[in-house]
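Let's take a tour of a protein model, one piece at a time. Keep the picture open while you read.

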Amino acid sequence: MGRCAREKAILYGGLLGVALQTPIEIFDGYQADYGASVGDMVANTAGSAAVVAQELAWQEIRIMPKYSFHTTRYADMRPNVLGSNLGEQALKDYNGQTYWLSVDVGAFLKEETKYPKWLNVAVGYGAEEMVYNDPEANAAAGLGTYRQFYLSPDLNLMHFKGRSKVWNTALYVLSIIKIPAPALEYNRKNGLKLHPLYF
């Protein structure tokens, strides 16, 4: 594929990503339990733009968006909204979701460096005590939403690429999941906290 054709494919892919995500946000806007979110729309667009920018600048992804999930006690408070089983909770319970940017540090260093190419550094973002869309309803339930910030080592699965297209595609797909690892968390409610193993 020529450079011009490759750049067009990257741009079209980025636009397609935004086009596929936008209807979900519009649908949420019509749901009283969720509501529309400008922040989600901005994040969706920024995510697609970041992938396009990296492909155009470096011809590879050096900062990979990732996702991790753990179950929380909040889903039991509103199972119809936050999920009544593990699969639903992984999609709906934001309290258990963490969104990461995993940086391929080795890609930014000289080729001869001794830094382990399989070791990434990830920064994460999450939130807690989000049960009701309305802050007053949340407060009435004794909840106060707060943000969480994380720093954690991560595994660069793309370092293990081989000759098989199937293997490489599987690694790429699995790369959207943040590998459980120790993590340092900061939030305004509890300050700094070390998790020996964070999902």
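## A histidine to start with

Is histidine 195 buried or exposed? Before you answer, bear in mind that this is a predicted model. Histidine 195 has a relative accessibility of 13%, and the cut-off for buried is under 20%, so this residue counts as buried.

Now find where histidine 195 sits: it lies in strand β6. Its side chain makes a polar contact with the side chain of glutamate 185, at 2.5 Å. If you leave aside the neighbours within four places in sequence, histidine 195 is in contact with Tyr150, Ala181, Pro182, Ala183 and Glu185.

## The hairpin around it

Strand β6 covers residues 191–198, and strand β5 covers residues 181–187. The two pair in the antiparallel sense, with six bridges between them. Together β5 and β6 make a hairpin, and three residues lie between the two strands.

Want a landmark in this hairpin? Look for leucine 184, which stands opposite leucine 194 in β6.

## Zooming out to the sheet

How many strands form the open sheet? There are six, in the order β1-β2-β3-β4-β5-β6, and the pairing is antiparallel. The edge strands are β1 (63–69) and β6, each of which pairs on one side only. Going from one strand to the next, the twist averages 25°.

Here's a handy rule for looking at the strands. In a regular strand, side chains alternate between the two faces of the sheet.

## Two more strand pairs

Over at the β1 edge, seven bridges join β1 to strand β2 (residues 97–103), and these two run antiparallel. To spot the pairing, start from proline 65 and look across to leucine 101, its bridge partner in β2.

Strand β4 (residues 146–155) pairs with β5, again in the antiparallel sense, over three bridges. Here you can start from phenylalanine 149, whose bridge partner in β5 is tyrosine 186.

## Salt bridges

Time for some charges. Side chains of opposite charge can pair when their charged atoms come close. This structure holds four salt bridges, and we'll visit some of them.

Which parts of the chain does the pair of glutamate 129 and lysine 189 tie together? Their side chains meet in a salt bridge at 2.7 Å, N to O. Glutamate 129 lies in the loop between β3 (119–128) and α5 (135–140), while lysine 189 lies in the loop between β5 and β6, so the pair ties together parts that are 60 residues apart in sequence. Glutamate 129 is buried, with a relative accessible area of 6%, whereas lysine 189 is partly exposed at 47%.

Another salt bridge joins the side chains of arginine 62 and glutamate 60, at 2.9 Å from N to O. Arginine 62 is buried, with a relative accessible area of 16%, and glutamate 60 is partly exposed at 33%. Then there's the salt bridge between the side chains of glutamate 111 and lysine 117, at 3.7 Å, N to O. Glutamate 111 counts as exposed because its relative accessibility is 66%, and the cut-off for exposed is over 50%. Lysine 117 is partly exposed, with a relative accessible area of 22%.

Terms used:
Residues numbered from 1 in each chain as written. Predicted model: local features only at pLDDT ≥ 70, side-chain atom pairs only at ≥ 80, totals over all residues. Heavy atoms only, no water. Pairing = 2+ DSSP bridges. Helix = DSSP H or I, 4+ residues; strand = E, 2+ residues; numbered from the N terminus. Axes fitted to C-alpha atoms, helices over the stretch in contact; angles between N-to-C directions. Buried < 20%, exposed > 50% of the residue type's maximum accessible area, 1.4 Å probe, protein only. Polar contact = N/O pair within 3.5 Å; in protein donor to acceptor, adjacent residues only side chain to side chain. Contact = heavy atoms within 4.5 Å.
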